[in-house]
Amino acid sequence: MRPINKQRYEASRKTLLPTVTQQPIPLTILVVDDDSMSRELLCVLLEAEGYAVTSADSGESALAQLGDSAPPDIVLTDMQMPGTTGAQLACELRQACGPSTLLLAMSGSQPDDNAISQFDDFLLKPFHVSQIAAARSRRAEADPILAKTKGLSADSSPAHSSISI
């Protein structure tokens, strides 16, 4: 076996190491909305912001998807859909995803407090993408242990623009 040339090794290490950078893993979001136009637009805008997005057209469809894959970092669900919605959907999502997933409700009108009580936060449409990061920050402040284990912070969110949804 040929001995390693230490100078050549150091030179190639200094040259190659900066080019091998680890890309951050994007946050995953499950978007749940029965309105196909809203759902698709929301997915496109969130992907443009750096999120990894999947979608479902109902609460039932979302729950079925969750059984097949790792839980997302965030679930963003419309409150006004046929089928399972509101507090019932939030309870089923929490059971399927566990405590580390941020559950966000969204609606074009303000629902009563009971309907959103099981969600971590509520976004009134139209909203800015930055409000998702703000919800993550509020969650991190409320639960520092979860924030540390899950990596919740405003710094871990994708760069956000002023896109309104």
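Start by selecting helix α3 (residues 59–66) and helix α4, which pack at an angle of about 10° with their axes 10 Å apart. Angles under 35 degrees count as roughly parallel, so α3 and α4 are roughly parallel to each other. Keep in mind while you click around that this is a predicted model.

Now show the side chains between those two helices. From α3 you want G59, L63 and L66; across from them, in α4, sit L89, E92, L93, A96 and C97. Sorted by class, the contact of α3 with α4 has 6 nonpolar residues, 1 polar and 1 charged.

Stay on α4 (residues 86–97) and bring in the strands under it: this helix lies across β3 and β4, and runs at about 160° to β3.

Next, select the whole sheet. Which strands does it hold, and in what order? There are 5, forming an open sheet that reads β2-β1-β3-β4-β5, with parallel pairing. Look at the two ends: β2 and β5 (121–124) stand at the edges with a single partner strand each, so one side of each has no neighbour in the sheet. Sight along the sheet for the twist, which averages 20° from one strand to the next.

Zoom in on the β2 edge. Strand β1 (residues 28–32) and strand β2 (residues 52–56) run parallel and are joined by 5 bridges. For a single pair to label, pick I29, which stands opposite V53 in β2. Then go to the other edge, where 4 bridges join strand β4 (residues 102–107) to β5, again running parallel. The pair to label here is A105 with F122 of β5 opposite.

Add α2 to the view. This helix packs on the sheet and touches β1, β2, β3 (74–78) and β4, while its direction makes about 170° with that of β2. Trace the chain from β1 through α2 (residues 36–48) into β2, and you have followed a right-handed β-α-β unit.

One peptide bond deserves a stop. Most peptide bonds are trans. Select K125 and P126, though, and you get a cis peptide bond, with omega about -5°. Where is P126? Look in the loop between β5 and α6 (130–142).

Finally, colour by pLDDT. The protein chain averages 82, and 73% of the residues score at least 70. Which elements mark the extremes? Confidence is highest in β1, at 97, and lowest in helix α7 (residues 144–150), at a mean of 57.

Key
Residues numbered from 1 in each chain as written. Predicted model: local features only at pLDDT ≥ 70, side-chain atom pairs only at ≥ 80, totals over all residues. Heavy atoms only, no water. Pairing = 2+ DSSP bridges. Right-handed = clockwise from strand over helix to strand, strands pointing away. pLDDT = per-residue confidence, 0-100. Axes fitted to C-alpha atoms, helices over the stretch in contact; angles between N-to-C directions. Contact = heavy atoms within 4.5 Å. Parallel < 35°, antiparallel > 145°, perpendicular 65-115°, else oblique. Nonpolar A, V, L, I, M, F, W, Y, C, P; charged D, E, K, R; others polar.
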